[in-house]
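Got a minute to go through the terms behind a structure? Here it is.

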Amino acid sequence: MIVTEPFNAVGNTPLILLREPKLEQISLFQKCENFNPTGSVKDRASFHVLNKGLERGIINPNTTIIESSSGNFGISLSSYCRKMNLKCEIVIDPDILAVNEYLITSQASKVIKVTERDEGGGYLLTRIGLVRSLIENNSSYYWTCQYGNPLVAEAYYESLGSEICDDLAVDYVFLGVSSGGTITGVSQRVKERYPNAAVVAVDVEGSVVFGGRPHKRKIPGIGSSKRPEILSEARIDDVVVVGELDTICACRTYTKRHGTLIGGSSGSVYLAVHKYFQGKTFLKKPNVAVVFADSGERYTSTVYNDEWVAENFETEKKELASRVAEFWMN
Ligand SMILES: Cc1ncc(COP(=O)(O)O)c(C=O)c1O
């Protein structure tokens with residue numbers, strides 16, 4: 001396949017039939033979103049929001065795109081803006097991973113790092129507050145606002161949701177949730193095409209998205225300290241909440257079994273699907289799709305780093321290895 005414009009090669013990511021020894025009662029399919037141009041599911045939102053925004057006159061070549069993100073959306077949006085000659089400002093915070101900061105800084109027109117913690121002890125509300133104050137005084141800004149922009153959900157409805165439904169008669173689909181756009185769009189499409197399918201949201205302990213008690217979380221890309229407005233349009237049947245240390249063990253188990261590194265939220269989804277189907281039997285194997293939002297290479301200083309795990313979870317290397325082995329066996 002010859003691609004003349006790599007940034008248009010968004011979507012149509014592989015759907016892999018995953019052979020899982022403990023999940024023989026289901027047919028499990030992994031949607032590999034790391035195959036998108038900047039390495040994550042967020043390319044679908046960036047591509048769609050910017051192109052539809054220009055097409056519908058919501059933005060123009062003089063617009064400055066602004067977003068609060070220390071993760072995949074910031075990386076993706078700043079790259080797409082640069083390709084499309086649009087100015088782009090990204091608001092980040094001190095918890096950003098060095099690799100993400102490098103990627104965003106290398107692409108965005110401007111990067112603003114907030115330093116003040118919000119009332120929950122994190123930075124999300126400070127970042128959003130700053131974006132609000134900037135756009136209030138300057139009409140040339142367009143805030144892509146991943147927590148509430150219907151164009152973001154539309155991106156996933158039209159591309160990711162459609163691709164999964166075209167390839168598979170879906171019985172279940174599992175997605176990690178953070179700002180909520182992915183599950184909102186995908187769930188709408190899946191329910192439209194397969195009304196009896198179940199949409200399962202995956203969240204982590206410490207996130208408030210599904211009403212959990214807030215506490216500091218360490219793994220980026222999953223969970224949130226605010227409930228995303230966009231989720232009111234999502235069609236979710238079940239929620240599985242997993243622990244962060246268990247997620248780390250799941251990431252490492254996946255790597256041992258399947259030979260590639262997966263991102264933190266993918267590990268949460270991988271773990272959730274095991275918990276959900278443990279002990280369940282079926283007359284006919286259901287088709288289960290799991291969306292893996294990114295790959296693990298950007299997590300080698302965290303999820304795959306024993307020192308980081310020991311520091312953040314008070315778990316020694318030996319204990320971690322035995323937890324991974326336990327996950328592997330059970
Ligand atoms: C790695 C990863 N997984 C999952 C998600 C969840 O997607 P959403 O923000 O649409 O809920 C994100 C969002 O940034 C992500 O970066």
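Below are some questions on the core and the ligand site.

Q: What should I know about the model before we start?
A: It's a predicted model, where local features need pLDDT of at least 70, side-chain atom pairs count only at pLDDT 80 or more, and totals for chains, interfaces and linings use all residues. Residues are numbered from 1 along each chain as its sequence is written, and side-chain values use heavy atoms, leaving out hydrogens and water.

Q: What makes a set of residues a nonpolar core, and which members touch the most others in the largest one?
A: The set has to be buried Ala, Val, Leu, Ile, Met, Phe, Trp, Tyr and Cys residues joined through side-chain atoms within 4.5 Å, with buried meaning under 20% relative accessible area (1.4 Å probe, protein chains only). The largest core has 46 residues, and L50, I65, V173, I183, V186 and V190 touch the most other members.

Q: Why does this core lie between domain 1 and domain 2?
A: Because domain 1 (6-35 + 156-329) and domain 2 (42-143) both give residues to it. Those bounds come from an automatic or database domain assignment.

Q: How do you know that K42 and S178 make polar contacts with the ligand?
A: A polar contact here is a pair of N or O atoms within 3.5 Å. A polar side-chain atom of K42 lies 3.0 Å from a ligand oxygen, and a polar backbone atom of S178 is 2.8 Å from a ligand oxygen, so both pairs fit the cut-off.

Q: How much of the ligand does the protein bury?
A: Taken alone, the ligand exposes 380 Å², and the protein buries 94% of that; areas come from the Shrake-Rupley method with a 1.4 Å probe.

How values were computed:
Buried < 20%, exposed > 50% of the residue type's maximum accessible area, 1.4 Å probe, protein only. Polar contact = N/O pair within 3.5 Å; in protein donor to acceptor, adjacent residues only side chain to side chain.
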